[in-house]
Structure formats: C-alpha cells, structure tokens
Amino acid sequence: MNMKKENKSLYTKAVITIGQLWENPIIKGIILLALALFVYFLPKMATLYFQRIAIMVAFYAIGAYTAVLLTTYRGTNYLVAVILGACLAGAFGALLALSTMRLSGTYVTIVTMAFFYVISSIILNWDSVTKGSVGVLNIPAPNLFGMKLTMKNGGIFYLIMFYAALTILATQLIINSKVGRAIKAVRDDEMAAIMMGINNKKYKIIAYTLAAFFAGLAGTLYGPFMGYINNATFNYDICISALVIVILGGIGTVKGAIIGAIIISPLGELLRGLTTFMKGLPEWMQISQPEQWRFVIYGMIMVIMMRFRPQGILGGQSKLPYKMPKGVERKVMK
Amino acid sequence: MILEVKNINTYYENIHALKDVSLEVNEGEIVALIGSNGAGKTTTLSTIIGIKKPKSGEIFFMGKNITQTSTHEIVKMGIGLSPEGRLVFPDLTVEENLRVGAYLRKGAEIDKGYEYVYSLFPRLYERKNQASGTLSGGEQQMLAIGRALMNRPKLLMLDEPSLGLAPNLVIMIFKLIKKIRDMGVTILLIEQNANMSLHIADRGYVLETGCVKLADTAANLRNNEAVKKAYLGG
Amino acid sequence: MFVEQLINGLAIGTIYALVAVGYSLVFGILRLVNFTHSSVYTLGAFMVYVGVEYLHLNIFLAILFSLVTTGFAGVMIDKMGLEPLRKKGASKISAMITTIGLSYIIINCLNIAFGSQIIRFPDLFNYGTFKLLGATIAWQQVIIGAVALILLVALSIFINRTRIGLAMRAVQQEPSAAAINGINVNMIISLTFFLGAASAAIAGTLIASYNQYLRSSMGDIVGLKAFAAAVLGGIGSLPGSVLGGLIIGVSESMAVYKLGGSYIDMVAFSLLFLVLLIRPYGILGRKGSTKV
Ligand SMILES: Nc1ncnc2c1ncn2[C@@H]1O[C@H](COP(=O)(O)OP(=O)(O)OP(=O)(O)O)[C@@H](O)[C@H]1O
Ligand SMILES: [Mg+2]
C-alpha cells in the first residue's frame with residue numbers, strides 16, 4: 001500500500017533532483033517525467049534510491065548517445081534516431097532485468113552499479129565512436145518533416161511538450177492496461193502476485209524494458225537541446241550530487257528534495273567566491289580547488305547526515321510547516 | 001551470592017521489555033526462570049551478559065558491578081550462555097565450534113575442555129569433524145551447551161535448551177544439566193517446559209510481561225495454584 | 001605474445017585478487033559493500049610516495065610506513081564512521097552511504113593535496129627480462145604476481161589456521177554468538193579493516209610501480225574490477241575472490257591479445273553479468289552467505 005505513495009514521491013523527487021543537476025528549467029520537467037516513469041515501473045526489489053538514479057542516468061545516456069551519434073555523424077533521420085535510441089535503451093533494460101532476476105538485496109545494487117560503470121566506461125573509452133571526453137559537438141537541430149526545430153523558433157520547446165504529452169499518455173495507457181496492472185501487482189507484493197499466478201519474471205522484464213525505453217526516449221532530447229554532450233554529462237559525480245541532495249533533504253519527501261537542492265546548488269558558487277576572496281591572503285590559507293572542496297563537503301554531508309539525521313533535515317516532520325533546525329546549515333557548510 | 005540483578009530496566013527502542021527486574025543466584029544452585037512467550041526471559045539473559053545494556057539498575061557478578069562491562073569481558077569473568085536458537089557457527093566443524101568456545105583459554109586447558117565436553121556428549125565426539133550446520137537440531141543443542149562449557153564458566157545460562165527436542169532427548173538434557181551442576185557449575189535456566197525445570201531447580205522466578213511476579217523455592221512454585229494454572233497445564 | 005599476455009594476466013589477476021579479498025573480508029563480516037576500499041587502495045600508493053618523496057625514507061621503509069598508516073586509516077574508517085552506526089543500530093544503507101561519503105572525502109583530499117594529474121612513481125622491480133617458451137617476460141610481472149600471491153597465501157593461513165582467524169570466521173558466520181564466546185567483536189572488525197586496508201595498500205603500490213605512476217583516480221576502475229572479481233567468485237569467500245581476480249585478470253589480457261586494448265575495461269563487467277546470469281551468487285558463493 002505504501003509503495004504507491006513512495007513511488008509517487010520518488011517520481012517527484014527524481015523530477016526535482018535531476019532537474020537541478022542539469023540546471024535547466026525547461027528541459028527538466030520532461031526528461032524527468034520519463035525518468036520518473038522508470039521509477040514507477042521498477043520492481044520493489046530496487047528500492048535503494050541511489051541505484052535507481054544510477055540506472056536512470058545510464059539508460060538516459062544510452063538514449064542520448066545513440067540519437068546524437070546517429071544524427072550528427074550518420075545524418076540519420078531524427079525520428080528514426082530517436083526510436084533507435086529508445087529501443088536500444090529498452091534492450092539494455094531487458095538485459096539488466098535478466099541479470100538481476102535471481103538476485104536480491106546487495107547483489108542488485110552491485111549489478112546495477114556495475115551496469116552504470118559499464119555504460120560510463122564505454123562512453124569514455126570507446127572514443128572512436130563516442131568521442132570520449134572530448135564529446136560530441138555541433139549536434140544538429142531535430143529535423144521533423146523538413147522543419148528545423150531550434151531554440152530560436154521555439155520548435156524544441158514544442159517538441160518537448162509533445163514528448164511530455166506522449167509520455168503521459170503512454171504511461172496512462174500502460175498503467176491501466178492488463179500488463180500495467182500485473183506490473184503493479186509484482187511491484188507491490190511479489191509473493192502475492194506469484195500466488196495469484198502472475199508470471200513475475202515476465203513482468204519484471206517488461207517493467208525494466210519499458211522504464212529503460214522511456215528513460216532512453218527522454219535522453220534523446222538532451223543532445224539537441226544542449227547542442228553538446230560528453231562523458232562527464234552522465235558521470236558518477238552526477239549520481240553522487242543527486243544522492244547528496246536527496247539525503248540532505250530527506251528521502252521520501254518532496255519538500256526535502258527542494259530544500260536539499262536549495263542548500264546544495266549555491267555551494268559551488270560559494271566556494272568559487274571564497275577562492276577569489278582569499279586570493280589576497282597568504283598562500284597557505286587559500287582554497288585553491290573549489291571543485292574538490294565541494295566534493296569533500298558532499299562526502300561530509302553524507303557521513304554526518306547518516307550519523308545524526310539519516311531521515312534528512314525534514315524527515316519525520318514533513319507534516320509540519322517548514323522550519324530549518326538550528327545549526328544544520330552551519331554543519332553542512334563546515 | 002554469585003549473581004545479583006537489581007532493578008534493571010531494559011528497552012528495545014520504546015518497548016519496555018524489563019521492568020525493575022531483580023533476581024539472585026547463589027553458588028551451586030539451579031535457578032529456573034519461567035514465563036510465557038515474550039515475558040522477557042531472553043532479554044534478562046541478554047542484559048546479564050551485556051548484549052543489551054539496561055537503562056537503569058545494576059548487575060553484580062561475584063561482587064563486581066558488571067552493568068556497563070562489555071560482553072566479552074563478562075564472559076572472561078566466568079558467565080557462559082547457550083543462546084536461544086543455538087546459534088552454532090554453521091560452516092565450522094564441531095571441534096572448531098568448541099575451539100571458539102575456548103577462545104579465552106590456552107593450551108592444555110583447551111584439551112581438557114574437549115575431554116570434558118566429549119565425555120558429557122559422546123555424540124559430539126563422533127561428529128567432531130562434521131560441519132555443524134549439518135548437525136541435527138538436538139546435536140546442535142548439545143554443541144551449543146558444550147561450546148558454552150568450554151570456557152569453564154562459573155555461571156552457565158541456558159536459554160530453552162530442550163526446545164524442539166524429542167522427549168527422550170529432553171530427559172537426557174535435563175539429566176545433563178543436573179550433572180553439570182554437580183560438577184560445580186551454577187545454572188540459570190530458561191525453559192518452556194516449566195514442569196521439568198521446576199523439578200530439577202532449587203529456586204525459580206516467574207516473569208510476566210517484563211515483571212518478576214513470583215520468586216520462591218521450586219517446590220513451592222510447583223504447588224502454587226496460579227503457577228499450576230498458567231504454566232503447568234492445570 | 002600469448003604467453004606474455006597470459007603471464008601478464010596472471011600477475012594483474014593476483015593483484016585484483018588481493019584487492020577483492022579486502023571487499024570480501026569486510027562484506028563477510030559486516031554484510032556491507034565497503035566503498036572506501038578503492039580509495040584506501042589509492043591512499044596506500046600515495047603513502048609510499050609520501051614516504052619516499054617527503055620523508056626521504058628508503059623504499060622498503062616507505063612501504064612499511066604506508067602499510068601502517070593505511071591500515072590505521074582503515075581502522076579509523078570503521079571506528080569513526082561505521083562503529084557508531086552499528087551502536088545505533090542504523091540500517092545497512094546508512095552504512096553503505098557513509099562509506100561512499102568517506103571514499104569521496106579521501107579521494108578529494110588526495111586531489112587537493114597532490115593534484116589530479118599523473119605523478120611519477122619508482123619502478124621497484126626493474127630487473128630486466130627473461131625468456132620462457134620463446135616469450136620475453138619481464139621479471140617485474142613475475143615479482144608482482146609472486147608478492148601478491150605470497151600475501152594471499154599468508155592471509156589465507158592467518159584466517160584458516162590461527163586463533164584470531166578462527167574468531168574472524170566465527171564473527172562472519174554468527175556475529176551474535178561470537179561475543180558470548182568471549183570474542184571482542186569490535187576488535188575483530190577493526191582487525192578486518194586493517195587487513196583489508198593493508199593488503200589494498202600493497203596492491204596499490206604494486207600497480208603504481210607496474211605503471212610507474214600514480215594518480216588520485218587510480219583506484220576507481222581497479223576497485224570496481226576487484227569488486228566485480230569478488231562478486232564473480234562469490235563475495236564473502238576467500239578462494240572465490242582469488243578465483244574471480246585471476247579469471248578477470250586473465251580474460252582481460254586475453255581480450256587485449258585478441259581484440260586490442262580499447263575494450264579492456266568492459267571485460268570484467270561483461271563477465272560479471274554473464275556469470276551472475278548463470279550463478280547468481282558467484283562461482284563459489286552460496287545463497288546463505290548473502291543474507292542482507
Ligand atoms: N530485538 C528486539 N527488538 C524489539 N523488541 C524485542 C526484541 N527482542 C525482544 N523484543 C521484545 O521484548 C519482549 C521480551 O522478549 P524476550 O525475547 O525477552 O521474550 P522471551 O520471554 O524470551 O520469550 P520466548 O519464550 O518467546 O522466547 C517481547 O515483547 C519482544 O517482542
Ligand atoms: Mg526467549
């Protein structure tokens with residue numbers, strides 16, 4: 001019963017956290033809508049938030065790279081590239097479902113982490129195709145039936161809206177279909193579903209495949225929108241950043257994710273500012289690598305929160321009007 | 001007095017599992033602790049041996065305050081526990097399990113320990129090289145008791161040693177408990193089988209929802225109407 | 001070429017095994033994936049560098065220095081990061097996230113102190129080459145493999161033949177029964193972290209010397225492969241880790257031999273997927289040992 005609620009809030013959280021990371025107000029809604037579907041379809045066994053983010057990013061990357069590489073270097077028709085991207089992501093979803101089928105607990109985490117690394121390692125190392133850390137530049141604007149959709153003419157924006165509508169519609173259709181109901185049954189209570197004669201394996205594979213398909217589809221939007229992607233677009237640091245935001249705000253609350261993002265987002269700027277400010281001081285007092293310091297602080301946040309407030313700043317009091325506990329911000333910034 | 005428990009209160013998060021529990025065990029006695037499921041018997045033993053720390057109250061063993069002492073130190077001082085559910089080390093052989101029991105002992109003492117345990121449980125000797133996870137339930141129970149004896153405890157605490165055993169084995173275990181006591185080990189015994197435990201015990205305590213309801217000699221408890229009704233089957 | 005690659009694969013494989021054993025030991029005892037392990041591996045190599053470069057120690061003293069400091073760092077990770085969580089009865093996920101956080105701190109502190117670029121590291125075993133079956137083999141590879149192998153054997157003897165090793169196995173199998181037999185469980189856990197960290201430090205040093213450089217990101221991929229090796233062989237099982245390490249090391253070098261170098265990093269994970277499809281708990285793993 002609780003699963004439904006949890007998934008819904010995960011959905012929203014995904015929207016907010018990853019949206020913050022890509023720091024792009026328009027695109028985030030739609031991308032994350034699809035990613036959120038992924039969360040919805042994921043079977044109960046994959047309950048650890050971190051691994052969900054990691055695989056979402058991985059499938060997302062598969063979609064993004066497939067579409068971008070095909071359109072940029074092969075001149076493939078945009079629509080074809082998008083469908084291929086989403087399908088490839090879906091295929092990987094099925095593969096992942098197969099390989100985690102008989103596993104439980106920590107093992108699922110291990111395999112999903114490994115999966116994430118395989119994908120990022122392919123992106124980085126297979127540079128004859130993916131262009132590795134240099135990245136793909138000059139991604140062409142989507143061309144739909146002779147119409148170029150760019151930022152300037154607002155075409156991209158309509159495309160995004162179209163995807164959003166499509167994704168919502170498809171989700172609704174799937175959720176209310178026989179397949180959707182079976183997936184839900186398996187997701188909510190696998191044992192009970194098996195008792196009712198539902199083929200849990202089949203529906204797990206379908207769930208992973210659908211989720212990966214939509215994540216991949218969302219990924220295909222990223223390239224044309226930004227005009228540039230490289231391996232760092234989808235790396236481990238992004239997963240970590242998302243994790244930190246969620247941990248800080250509290251897993252399971254929408255407000256928490258917002259608070260987490262609000263606290264975390266200016267951190268980079270703050271440290272950069274501090275660096276400039278300290279230029280005048282003696283050398284040993286200067287903070288020379290704001291990026292590294294930011295990651296050190298991320299690490300500290302994780303450790304401190306797990307030790308003293310694993311439920312997050314807001315956790316356990318989400319019904320109350322928002323109030324920041326004293327000292328939390330100082331602790332975070334330390 | 002070898003063990004004195006004074007007004008301990010133990011909690012699991014917000015479950016108040018032991019409420020002002022006090023009990024005493026004299027040297028050479030068999031003391032039975034009886035009570036229905038969830039009364040707090042296991043928790044009492046866990047608190048004595050330091051796995052759970054009480055919120056308040058004090059525990060003395062041979063005159064020393066052990067309330068805040070850590071488990072391995074308490075074991076070193078001479079308390080042994082054969083835990084609920086046996087908890088043998090499944091991938092270790094019988095002999096290795098006993099060796100772990102003698103973790104704090106050295107050289108010749110260990111060999112003596114083997115001799116002592118094998119003489120009590122010849123069955124364990126026959127299976128000394130078998131992985132203990134593959135032993136039968138009764139054999140595992142013998143191993144759990146034997147393992148606790150390897151350290152030569154002065155006070156041996158047994159948590160439901162006859163649970164799940166066939167009737168003839170139950171009788172054997174009870175005979176053994178007496179035998180172990182006669183060798184000079186004081187015994188604190190938890191049993192579902194209140195009838196038999198009150199027959200071999202000198203004194204007994206009745207625990208009910210975390211409180212000591214009755215404390216008396218075993219003979220008196222056997223004849224107590226309330227005890228008869230609740231624990232002795234009428 | 002084949003023989004060279006095989007020897008190379010075995011040498012690298014034993015190093016993976018050495019790192020994998022660290023994952024396995026901690027997992028066995030705490031049922032926890034210790035994400036700090038790869039950063040401890042890196043720290044170990046850097047400590048040797050610090051010993052040589054800043055403290056002007058000779059190389060063997062520097063390695064000793066690294067063993068002690070890195071091992072101690074491993075103990076501190078447990079004492080300061082994880083033991084308080086155990087005392088509180090926190091969830092496994094809290095512990096896992098704590099190790100992710102700690103590894104992030106360690107790596108980025110190394111980054112701040114030494115930069116993220118490549119730093120030259122001395123070649124410790126530069127004794128030239130010899131001929132075997134028509135192949136030219138570097139002594140360096142043989143020595144690296146041998147050192148790692150000796151350590152693995154020593155570790156295995158320690159765990160299977162000594163009193164403390166017995167206590168480690170006891171804690172692994174039934175932690176709640178270990179303390180009531182007089183075992184100081186926290187001490188055993190600390191010791192496990194020490195052993196894991198020290199063996200990772202040696203592995204890091206061997207690899208740094210093999211590559212003749214070190215950098216703060218050197219543990220990322222090796223850590224993951226070693227982790228894959230541990231899971232492949234059956235995490236929690238010592239022989240499993242060794243087997244997993246060798247399988248991955250040899251398959252990687254065979255992949256280089258057959259396909260060239262660009263796919264090397266994918267071999268480990270692809271193998272992992274395949275093996276888990278067939279044997280979900282690894283080659284030598286058992287379902288019982290993976291309760292989480
Ligand atoms: N680990 C735990 N967490 C929370 N509550 C616990 C825990 N262990 C025991 N309890 C609670 O404490 C109370 C006493 O439990 P305890 O195990 O001591 O009972 P017991 O007398 O040994 O029962 P039984 O005869 O069934 O073994 C029970 O209400 C139980 O639910
Ligand atoms: Mg009990």
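Helix packing and the largest cavity in a predicted model

Me: In this predicted model, how do the axes of H13(A) and H3(C) lie: roughly parallel or roughly antiparallel?
Reply: The axes of helix H13 (residues 290–308) of chain A and H3(C) cross at roughly 20° and come within 10 Å. Angles under 35 degrees count as roughly parallel. Therefore H13(A) is, relative to H3(C), roughly parallel.

Me: Which residues of H3(C) does H13(A) meet, and how many residues of that contact are charged?
Reply: From H13(A), the residues are Met306(A), Arg307(A) and Phe308(A). On H3(C) they meet Met80(C), Pro84(C), Leu85(C) and Lys88(C). By class, five residues of the contact of H13(A) with H3(C) are nonpolar and no residues are polar, and the number of charged residues is two.

Me: Is the crossing of H13(A) and H3(C) left-handed or right-handed, and which hand has the crossing of H3(C) and H4(C)?
Reply: H13(A) and H3(C) cross in a left-handed way. For H3(C) passing H4(C), the crossing is right-handed.

Me: How is H3(C) set against H4(C): roughly parallel or roughly antiparallel?
Reply: H3(C) and helix H4 (residues 92–114) of chain C have axes that come within 10 Å and cross at roughly 155°. Angles over 145 degrees count as roughly antiparallel. So the arrangement of H3(C) to H4(C) is roughly antiparallel.

Me: What does the contact of H3(C) with H4(C) consist of, and how many of its residues are nonpolar?
Reply: H3(C) brings Ile77(C), Gly81(C), Leu82(C) and Leu85(C). These meet residues of H4(C) including Ala95(C), Thr98(C), Leu102(C) and Ile106(C). In the contact of H3(C) with H4(C), four residues are polar and none is charged, while the nonpolar residues number six.

Me: What is the angle class of H2(C) and H9(C)?
Reply: Helix H2 (residues 37–53) of chain C packs on helix H9 (residues 218–233) of chain C with the axes 8 Å apart and an angle of about 130°. That angle makes H2(C), with respect to H9(C), oblique.

Me: Which residues of H9(C) are met by H2(C)?
Reply: The H2(C) side is made of Ser38(C), Tyr41(C), Thr42(C) and Ala45(C). By class, the contact of H2(C) with H9(C) has four nonpolar and four polar residues, with no charged ones. On the H9(C) side the residues are Met218(C), Gly219(C), Val222(C) and Gly223(C).

Me: How much space lies in the largest cavity?
Reply: The structure has six cavities of 30 Å³ or more. The space in the largest cavity is about 60 Å³.

Me: Which helix supplies the largest share of the lining of the largest cavity?
Reply: H2, helix H3 (59–88) and helix H8 (185–211) of chain C each give at least two residues to this lining. Among the lining residues are His37(C), Val40(C), Gly74(C), Ile77(C), Thr192(C) and Phe193(C). The largest share, four residues, is from H8(C).

Me: How many polar residues line the largest cavity?
Reply: The lining includes Asn34(C), Thr36(C) and Gly196(C). By class, the lining of the largest cavity has five nonpolar residues and no charged ones, and its polar residues number six.

Definitions and conventions
Residues numbered from 1 in each chain as written. Chains lettered and ligands numbered in written order. Predicted model: local features only at pLDDT ≥ 70, side-chain atom pairs only at ≥ 80, totals over all residues. Heavy atoms only, no water. Axes fitted to C-alpha atoms, helices over the stretch in contact; angles between N-to-C directions. Parallel < 35°, antiparallel > 145°, perpendicular 65-115°, else oblique. Contact = heavy atoms within 4.5 Å. Nonpolar A, V, L, I, M, F, W, Y, C, P; charged D, E, K, R; others polar. 1 Å grid on protein atoms, 1.4 Å probe; cavity = no way out; pocket = protein on both sides within 12 Å on 5 of 7 lines; lining within 4 Å. Points joined across faces, edges and corners; volume = space filled by probe spheres on them. Left-handed = near helix turned anticlockwise from the far one by under 90°.
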